[in-house]
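Biologist: Could you take me through a few features of this protein, slowly, since I am new to reading structures?

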Amino acid sequence: MAIISVGSMAFDAIETPFGKIDKIVGGSGTYVAYAASHLTSPVKQISIVGEDFPEEELDELKKRNVDLEGVEVIKGKKSFFWSGKYHLDMNTRDTLITDLNVLADFDPKVPDSYQGAEFIMLGNLMPSIQIKVIEQLTVKPKLIVLDTMNFWMESAFEDLKKALGMIDVLLINDSEARQLSGEYSLVKGAKKILELGPRFLIIKKGEHGALLFHENHVFFAPALPLEEVFDPTGAGDAFAGGFIGHLSRTSDISFENLKTAIIVGSAMASFCVEKFGPQRLKEISKKDIDIRLEEFVQLVNFDIDLV
Ligand code: AMP
C-alpha cells in the first residue's frame, strides 16, 4: 500500500554533548522516507530542495523505492537549513538557525501518479501547506497522519485547527499537547484534543515512550532504554515513518494495530538516535529491525497473578 510523505528535505548542523557536525543531510521528510521504506513501498515523497541537495542522497532514496516525482529541485537556490544544539539531557534542544531557503516558496503539488495512496504522512510544516496537500487528494485516503509543533500553535493556530478537522491521527510531544489543550494532565488534554477532530492522538515523550489515545482507550509504548543516545534529531520523524510504514504494510487501521504501529515507530526511533543524522536508518537490515522488535516485546512482557 502506498504512502504519500510530505516533509522537509534539508541540511542540518547538529551539536550534542558527544559531538558536532556542521553539515549533514536531514529534514523531517528524509527521516520519514528512510524509516518507512524498511516496512512498505512505495513511499511517494513530496518536498522541495535546492540544487545543493546531494544527488547521491536522492539516488539512495530511489534505491529504496522512494518515489521522488513530487520532489522539486530548484536551480540556483539552496535547500532548507536547520541547526540545533542539544542540552545534556538530550531531550531538550535549542534551535540556533532556521534558513527556510527553498522552503519559503514551497507550494506542494500532488503528482497524478500519487493519487490513490491510502496513507498520508504530513510532516511538520506550515499547516496551510499540509491543508493544500489534503485538498489536492482526489481519492479519500484510509488514514491521514499529521505532525506539528508549538511554533505553529503560536503562529498559525486557525490554520492548524482547520487541519486538525481534516485528519485522523495527530502526532505531537507532551509539551505541545499541554500547550494545545491548555491542560497539564495529558489524559484531560488528550480528551480536549480529540474533540478538535483527530480520531487518534499520539503523544511522544522522548526517552519515556509514547501514548496512544482513542475514544476512552489509552495505550503506552516504551522507548528502548539505550546505553548511548548519540543524536536525537529526526527521532520523531523516524517514529512517524515506522508508525505509518507498519500501517501501510498491514493495511489495518484498527486500534489494536495502531498499538503495534507505535511499537514499530519506537523501534525505528531507537535506531535513529544511535548515529548522527539518518545514517543508522540507512544501515539497518530487516533482521536488525526484527531483533529490536523482540527487545521491545521482552521489555514489557510479564506474567502476573491477579490478587
Ligand atoms: P525532529 O528531531 O523529529 O523534530 O526533526 C528534525 C528535523 O526536522 C531536522 O532534520 C530538520 O531539518 C527538520 N526541521 C526543523 N525545523 C523545521 C521546520 N520549521 N520545518 C520543516 N522541517 C524542520
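Modeller: What follows is a conversation about a pocket, some helix contacts and a few backbone details, and please keep in mind that the model is predicted.

Biologist: Let's begin with the second largest pocket; how much space lies in it?

Modeller: The second largest pocket holds about 170 Å³ of space, and its lining is made up of H38, L39, H246, R249, T260, V264, K286, I289, D290 and L293.

Biologist: Which helix gives the largest share of that lining?

Modeller: That is α11, which contributes four residues. Helices α8 (235–250), α9 (255–272) and α11 (286–300) each provide at least two residues of the lining.

Biologist: And how do the lining residues divide by class?

Modeller: Four of the lining residues are nonpolar, three are polar and three are charged.

Biologist: Since α9 and α11 both came up, at what angle do they cross?

Modeller: The axes of α9 and α11 cross at roughly 115 degrees and come within 10 Å, and the crossing is right-handed. On the α9 side the residues are I263, V264, S266, A267, M268, S270 and F271, and they meet D288, I289, R292, L293 and F296 of α11. Sorted by class, this contact of α9 with α11 has eight nonpolar, two polar and two charged residues.

Biologist: What about α8, and how does it pack with α1?

Modeller: Helix α1, which covers residues 28–37, packs with α8 at an angle of about 40 degrees, and their axes are 7 Å apart.

Biologist: Why do you call these two oblique to each other?

Modeller: Angles from 65 to 115 degrees count as roughly perpendicular and those under 35 as roughly parallel, and an angle of about 40 degrees therefore makes α1 and α8 oblique to each other. Their crossing is right-handed. The contact is formed by S28, Y31, V32, A35 and A36 from α1, together with D237, A238, A240, G241, G242 and G245 from α8. By class, the contact of α1 with α8 has six nonpolar, four polar and one charged residues.

Biologist: Is the crossing of α6 and α7 left-handed or right-handed?

Modeller: The crossing of α6 and α7 is left-handed. Helix α6 (residues 174–181) and helix α7 (residues 186–194) pack at an angle of about 60 degrees, with 9 Å between their axes, and they are therefore oblique to each other.

Biologist: Which residues make that contact between α6 and α7?

Modeller: From α6 there are D174, A177, R178, L180 and S181, while α7 brings L186, G189, K192 and I193. The residues of this contact of α6 with α7 divide into four nonpolar, two polar and three charged.

Biologist: Changing topic, which residues are joined by a cis peptide bond?

Modeller: The cis peptide bond joins S41 and P42, and its omega is about 0 degrees. As for where this is, P42 lies in the loop between α1 and β4 (43–50). As background, most peptide bonds are trans, and most residues other than glycine have a negative phi.

Biologist: So where is M90, and what is its phi?

Modeller: M90 is in the loop between β6 (80–86) and β7 (93–99), and its phi is near 65 degrees, a positive value in a residue other than glycine.

Biologist: One last residue: what does H208 touch?

Modeller: Leaving aside residues up to four places away in sequence, H208 touches F220 and A223. H208 itself is in the loop between β11 (200–204) and β12 (210–214). The C-alpha atoms of H208 and P222 are separated by 6.2 Å, although these residues are 14 residues apart along the chain.

Conventions: Residues are numbered from 1 along each chain as its sequence is written. This is a predicted model: local features need pLDDT of at least 70, side-chain atom pairs count only at pLDDT 80 or more; totals for chains, interfaces and linings use all residues. Side-chain values use heavy atoms; hydrogens and water are left out. On a 1 Å grid over the protein atoms alone, a cavity is a set of points where a 1.4 Å probe fits but cannot get out, and a pocket is an open set with protein on both sides within 12 Å along at least five of seven lines; lining residues have an atom within 4 Å of a point. Grid points are joined across faces, edges and corners, and a volume is the space filled by probe spheres set on the points. Ala, Val, Leu, Ile, Met, Phe, Trp, Tyr, Cys and Pro count as nonpolar, Asp, Glu, Lys and Arg as charged, and the others, Gly among them, as polar. Axes are lines fitted to C-alpha atoms, for helices over the stretch in contact, and angles run from 0 to 180 degrees between N-to-C directions. Angles under 35 degrees count as roughly parallel, over 145 as roughly antiparallel, 65 to 115 as roughly perpendicular and the rest as oblique. A crossing is left-handed if the near helix is turned anticlockwise from the far one by less than a right angle, and right-handed if clockwise. Contact means heavy atoms within 4.5 Å.
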